[in-house]
Amino acid sequence: MFNLILFGPPGSGKGTQSEKLTLKYGLKHLSTGDLLRSEIAGQTPLGLAVKNLMAEGKLVPDEIVIEMINSVLDNNPHVNGFLFDGFPRTTAQAEALDKLLVQKGTEIGLVLALQVSQQELIKRLLNRGRTSDRVDDVSEEVIAARISEYEKKTAAVAEHYKKYGKVEYVHGEGSIDEIFDLLCKEIDQKKVA
Ligand code: ADP
């Protein structure tokens, strides 16, 4: 099994690149943002509990996302590997994920961290807000709140995996295909090593 974390701030292109990577490497895409949005769309108790936090650009509680991930891992025992997108977002989530993977006899193989300037992030998110139905992309205030959550709580996740030498940084500005090629190079190096 080869498990990958695609890491980076909101708007760094994780969703776009995840789709291409899962196709190429046969991984199971696991986006906590998508999972949470489908809970909201289905008006489940979980969806109702997280709706306002997400609309404000705040992170939802660790226990909720960890439980969600736990059940997806349990329900997909026979995959080639997982691509985690938007998770882990806190050190507590990273530690919980590591434990869950150890229980399943596997681990994180690589963390690919997309680097994009703040100015470019805001531009991309506002642009997405105009064309998608994502409520958290519409206002500059909510976007700023998400970037601030990222800096306060999520940036530390890269430090966590750096301790194990698992992080590679990739320049996340350029064409989708250029960035995809850079990501693939890192994966191929790690997989044959
Ligand atoms: P983006 O990376 O573009 O901000 P996501 O779709 O990954 O978007 O996440 C959208 C929102 O969902 C976040 O702002 C947060 O409220 C919630 N969320 C997603 N994943 C997590 C997570 N792992 N922990 C806590 N909250 C999360």
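**Exercise 1. The pocket and the ligand**

Task: In this predicted model, state which pocket the ligand takes up, and describe the shell of residues around the ligand by class.

Solution.
Step 1. Start with the space itself: the ligand takes up the largest pocket.
Step 2. Count the neighbours. The ligand is surrounded by 20 residues, and the closest are T32, R37, K58, Q93 and R146.
Step 3. Sort the shell by class. It has 8 charged, 7 nonpolar and 5 polar residues.
Step 4. Find the main contributor. Helix α2, residues 32–41, gives the largest share of the shell, 4 residues.

**Exercise 2. Polar contacts of the ligand**

Task: Find which side chains have an N or O atom within 3.5 Å of a ligand N or O atom, taking Q93, R134 and R146 in turn.

Solution.
Step 1. For Q93, a side-chain N or O atom is 2.9 Å from a nitrogen atom of the ligand.
Step 2. For R134, the distance from a side-chain N or O atom to a ligand oxygen atom is 3.0 Å.
Step 3. For R146, a side-chain N or O atom is likewise 3.0 Å from an oxygen atom of the ligand.
Step 4. Add the cover. On its own the ligand has 550 Å² of accessible area, and the protein covers 97% of it.

**Exercise 3. An aromatic pair**

Task: Describe the pair formed by F7 and Y150, and explain why it ties together parts that are far along the chain from each other, 143 residues apart in sequence.

Solution.
Step 1. The structure holds 3 aromatic pairs. One of them is formed by F7 and Y150.
Step 2. A pair of rings is described by the distance of the centres and the angle of the planes. For F7 and Y150 these are 5.9 Å and 40°, and the pair is tilted.
Step 3. F7 is in strand β1 (residues 3–7) and Y150 is in helix α7 (residues 140–162), so the pair links parts 143 residues apart in sequence.

**Exercise 4. Backbone exceptions**

Task: Locate the cis peptide bond and the positive phi in a residue other than glycine.

Solution.
Step 1. Recall that most peptide bonds are trans, and that most residues other than glycine have a negative phi.
Step 2. The cis bond joins F87 and P88, with omega about -5°. P88 is in the loop between β3 (82–85) and α5 (91–103).
Step 3. The positive phi, near 50°, belongs to Q43, which is in the loop between α2 and α3 (45–55).

Technical notes:
Residues are numbered from 1 along each chain as its sequence is written. This is a predicted model: local features need pLDDT of at least 70, side-chain atom pairs count only at pLDDT 80 or more; totals for chains, interfaces and linings use all residues. Side-chain values use heavy atoms; hydrogens and water are left out. A residue is near a molecule or strand if one of its heavy atoms lies within 4 Å of it. A polar contact is a pair of N or O atoms within 3.5 Å; within protein, one must be able to donate a hydrogen and the other to accept it, and residues adjacent in sequence count only if both atoms are side-chain atoms. Accessible areas come from the Shrake-Rupley method with a 1.4 Å probe; for residues, only the protein chains shown count as cover. On a 1 Å grid over the protein atoms alone, a cavity is a set of points where a 1.4 Å probe fits but cannot get out, and a pocket is an open set with protein on both sides within 12 Å along at least five of seven lines; lining residues have an atom within 4 Å of a point. A molecule sits in a cavity or pocket if more than half of its atoms lie within 2 Å of its grid points. Helices (H or I, at least four residues) and strands (E, at least two) are DSSP runs, numbered from the N terminus. Ala, Val, Leu, Ile, Met, Phe, Trp, Tyr, Cys and Pro count as nonpolar, Asp, Glu, Lys and Arg as charged, and the others, Gly among them, as polar. Rings of Phe, Tyr and Trp (its six-membered ring) pair if their centres lie within 6.5 Å; planes under 30 degrees apart count as stacked, over 60 as edge-to-face and the rest as tilted.
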